[in-house]
Amino acid sequence: MTTPGLTNYPLYRLRFIASYLLLGLALGCMLVLAMLYAPGGLDASEQQSALTSAAMSLGEPRSFFIVDAPYHFLQKISITSLGLSSVSIKLPSVLLAGLSAIGMLVVCRRWFKPNVSIITTAIVATSAPFLYVAQHGTPMVMHIFWPITILLLASFAKQRTKLTTAALILLAASLGLCLFTPLSGIMLLAIAIGGLLHPYVRYVIHKRIAATTLATVLLIAGLGALPFLYMGVANPSALWTIVLGNPAPLSELAQQASTTALRLGDFTGRSLAANGSLTPVFALGSIALALVGLVRLIKEHHTTQSFITLTWLVLLVPAVLLTSNYVELLLVPFMILIASGVQFVLWYWYRLFPQNPYARAFALLPLAVLLGGIMLVSATRYFYSYTHSPVLNKDISHDLALIDTTLTTYHNQSPALVVAPDERSFYQLYLKLRHDKPLTPPLVTITKANLAQERKSRTIIATRQSPAAQSGQRPSQIIASQQGQQPSDRLYIFRRIEPKQR
């Protein structure tokens with residue numbers, strides 16, 4: 001009787017399905033934790049993004065012709081349906097990041113082996129830049145979503161299957177919509193140059209795609225670009241932002257390039273206080289794998305992946321160095337480099353034990369420790385940094401959640417909300433969208449002179465920057481943040497003055 005091989009065990013045959021399920025569960029947990037707790041609050045850019053999204057109106061069609069219009073439309077739906085809160089502002093980013101992670105898995109699965117795709121997706125999904133973008137309620141996530149979507153649809157389109165036509169149509173629509181995202185033209189140019197220079201891609205377009213289908217795709221892409229072209233005519237400044245990002249002035253280009261380079265390569269962390277962001281952006285282990293992958297892609301420059309990725313990096317790196325707040329653009333090319341590096345490491349490791357299955361099995365333990373350690377270090381680095389670092393949390397506000405809880409607590413005392421002038425627009429939107437609450441309080445203007453008069457009829461809830469809090473009058477209660485926010489005193493409560501009983 002022969003001994004059954006390893007491949008006959010059910011656990012071995014189901015290893016990829018189990019890996020996909022575990023990866024999905026871990027990713028979902030990390031995204032939820034990042035949205036709620038790390039850092040959990042809102043910064044000024046997220047509040048401005050919510051205001052921009054809320055300003056979109058069907059009665060004012062021109063309000064849709066803005067930078068990152070697709071994202072703001074999703075955020076508009078979220079805050080209108082759920083009310084204005086930290087969760088509703090961040091929810092579109094979390095959902096798009098989850099879809100992007102699934103897209104990463106499928107793209108890597110089509111370009112590399114299954115085990116490489118799982119490991120690469122796990123490494124990228126646990127990286128600090130991915131988790132930060134995933135929980136940030138601004139359109140930064142579109143710099144990951146659009147490249148993944150276009151690469152995925154392009155990979156389906158070049159295959160001769162029943163999905164080819166549908167993939168081409170969706171690809172054309174995505175090309176039109178992605179034009180609303182800043183610096184997306186660099187990605188499209190890299191894919192076009194890297195793809196069309198490769199003979200196999202030209203062969204697929206010439207032999208496998210019918211002329212009528214190609215014409216339909218070009219027509220859909222042109223129609224999708226019309227809103228972008230109209231926006232360029234109606235709002236030239238928005239077109240400038242989309243094409244060039246936010247380039248620094250000529251006199252500051254060297255300083256900007258130096259700052260971005262420190263964000264990418266400062267392994268000492270000394271520049272953290274200066275630039276206010278986590279440095280380096282990618283963990284050291286991930287960078288080592290990416291460098292291995294870069295060497296492999298250069299040696300195997302004849303492949304389609306190499307053509308596209310290397311062209312992408314050549315065009316993208318200078319743009320990232322000379323602009324601000326677009327480091328996340330490197331994440332998708334970085335993913336391809338990591339996948340190439342992981343594939344080489346696995347190939348080299350298996351080559352050491354070509355015949356002995358037991359040696360191959362036990363030799364996987366140190367490899368699992370290495371790759372698992374990279375994932376664990378990346379994830380814990382992000383969560384510890386964005387929950388305990390005072391530098392990274394100094395601009396994060398938890399006031400919205402505190403105000404919501406406080407208004408509910410004092411709803412029987414006719415509360416009124418008092419905020420600073422620069423906070424007024426955001427809290428007006430909050431009160432307008434305050435659904436299913438016991439009371440929608442007014443947003444009143446308080447001065448030092450009329451604070452005492454207002455307290456005769458209502459309880460005043462004032463933010464720290466408001467005139468009421470700066471009036472010098474003694475509050476009934478001060479509510480402090482428990483999230484390590486500086487300064488910690490966030491709300492000042494001036495309770496209603498009850499009339500004296502005769």
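1. In this predicted model, Ser174 touches Trp146, Thr149, Ile150 and Leu153, leaving aside residues up to four places away in sequence. Ser174 is part of helix H9, which spans residues 164-178. Its relative accessibility is 8%, so Ser174 counts as buried.

2. Helix H9 runs to residue 178, and the cysteine at that position may be considered next. Cys178 counts as buried because its relative accessibility is 0%. Cys29, by contrast, has a relative accessibility of 41% and therefore counts as partly exposed; the limits for that class are 20% and 50%. The structure contains zero disulfides. In general terms, a disulfide is a covalent bond between the sulfur atoms of two cysteines.

3. The overall make-up of the chain deserves a brief statement. The chain has 502 residues, of which 47% are buried. Its secondary structure consists of 23 helices and four strands. Among contacts with a separation of 6 or more, 72% join residues 24 or more positions apart.

4. The interior can be described through its nonpolar cores. The largest of these has 80 residues, and Phe130, Trp312 and Met335 have the most contacts inside it. Helix H18, covering residues 331-351, gives the most to this core, namely ten residues. Elsewhere, a second, separate core is made up of 22 residues, including Leu84, Leu400, Leu402 and Ile461. As a general tendency, nonpolar side chains in soluble globular proteins are buried together.

5. Which residues does Phe130 touch, not counting those up to four places away in sequence? The list comprises Leu27, Leu31, Ala97, Ala101, Met104, Val124, Ala125, Ile144 and Leu331. Of these partners, Leu27 and Leu31 fall within the range of helix H2, residues 15-37. Leu331 stands at the start of the range of helix H18, residues 331-351.

6. The surface also merits comment. The chain exposes about 25,100 Å², and carbon and sulfur atoms supply 66% of that area. On the surface, Val32, Leu33, Leu36, Tyr37 and Val87 form a nonpolar patch, with about 430 Å² of accessible area together.

7. Where does the largest share of the nonpolar patch come from? Helix H2, residues 15-37, provides four residues, which is the largest share. Val87, also a member of the patch, is found in helix H5, residues 86-111. With a relative accessibility of 34%, Val87 counts as partly exposed.

Conventions
Residues numbered from 1 in each chain as written. Predicted model: local features only at pLDDT ≥ 70, side-chain atom pairs only at ≥ 80, totals over all residues. Heavy atoms only, no water. Disulfide = S-S within 2.5 Å. Buried < 20%, exposed > 50% of the residue type's maximum accessible area, 1.4 Å probe, protein only. Core = buried A, V, L, I, M, F, W, Y, C linked by side-chain atoms within 4.5 Å. Helix = DSSP H or I, 4+ residues; strand = E, 2+ residues; numbered from the N terminus. Contact = heavy atoms within 4.5 Å. Areas by Shrake-Rupley, 256 points an atom, 1.4 Å probe, with all protein chains shown as cover. Patch = residues over 30% accessible without salt bridge, like charges linked within 9 Å, V, L, I, M, F, W, Y side chains within 5 Å. Salt bridge = Lys/Arg side-chain N within 4 Å of Asp/Glu carboxyl O.
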